[in-house]
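Me: I have a chain to go through before I set anything up, and I'd like to talk over a few spots with you. Can we take it topic by topic?

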Amino acid sequence: MERVGARFDMAIDMEDGQLTEYAKKEVDERTGESRFCYATACGGGEFEVRDAHVNFPIRLSTRSCGCGKWQISGIPCKHALRVIYDQRLNPIDFVSPFFKSAAYKLTYADHIHPMSDPTQWPNFSLPTIQPPVIKRQAGRPAKKRKRGPNEPRKGKRNSNVKCGKCREFGHNSRTCKNGGPSTGPSTSAAAGASTSQGGSRGRKRANTAT
């Protein structure tokens, strides 16, 4: 309410054709940037503006620029302002009417009126509106919401889980159905060698004891 009231008072004091504060700030900033641009007249109301190493076509009659910023914002870009100043024209005439005093006054023509406190409202002998009666549906009420078709299910194992037995992804060692890694010949030979070494050590210990 305070913001609308301040703009309401500002709209009353605005002159015809005056720009809003936002539009004026944008024009001033883009005017400073236009100093580094160079315009070339091509005839027929068309111009070419060079900004650094890039050329932009300008047409004042259609209020268009090759960069597209003028068409989108409604405020002449730095390339268009370079042409406007070279042609000794007023940049305000090329700003969209939505940023001028007429539209600003129409926007804030009405302000928010003050309202009294609820304690000062008059009392009416009207019945109190109660919420509607909820009818219980048949069956057990659902505890989980329905998930979308592309939404991951809660509680499902992630595919990044790696099994400790078969070394495959998608399950763990408890739910493994592959039976663990297969034992090759090298594994059997290593197991036999360890068994024979253990037996020879046992016999040596027995002979020493006797």
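Reply: Before we turn to the record, note that UniProt positions are given here in the numbering used for this chain, that feature names are shortened, and that annotations may be inferred rather than shown by experiment. The model itself is predicted.

Me: Fine, so which residues does the UniProt annotation "domain: SWIM-type" cover?

Reply: According to the UniProt record, which is an unreviewed entry, that annotation covers residues 56–88.

Me: And how far apart are the end C-alpha atoms of residues 56–88?

Reply: They lie 20 Å apart, and the span is 42% helix and 18% strand.

Me: Switching to cysteines, how many disulfides does the count come to?

Reply: The count comes to 0 disulfides, taking a disulfide as a pair of cysteine sulfur atoms within 2.5 Å.

Me: Why is C37 not bonded to C77?

Reply: The closest cysteine sulfur to that of C37 is in C77, and because the two are 8.3 Å apart, they are too far for a bond. C37 also counts as buried, at 4% relative accessibility.

Me: What about C176, then?

Reply: C176 is in no disulfide either, with the nearest cysteine sulfur, that of C163, 3.8 Å away; at 16% relative accessibility, C176 counts as buried.

Me: Last one: where is T20 found, and is T20 buried or exposed?

Reply: T20 is found in the loop between helix 1 (2–13) and helix 2 (21–33), and at 10% relative accessibility T20 counts as buried. Leaving aside residues up to four places away in sequence, T20 touches M14, F99, K100 and Y104.

How values were computed:
Residues are numbered from 1 along each chain as its sequence is written. This is a predicted model: local features need pLDDT of at least 70, side-chain atom pairs count only at pLDDT 80 or more; totals for chains, interfaces and linings use all residues. Side-chain values use heavy atoms; hydrogens and water are left out. Helices (H or I, at least four residues) and strands (E, at least two) are DSSP runs, numbered from the N terminus. Buried means under 20% relative accessible area, exposed over 50%, partly exposed in between (1.4 Å probe, protein chains only). Contact means heavy atoms within 4.5 Å.
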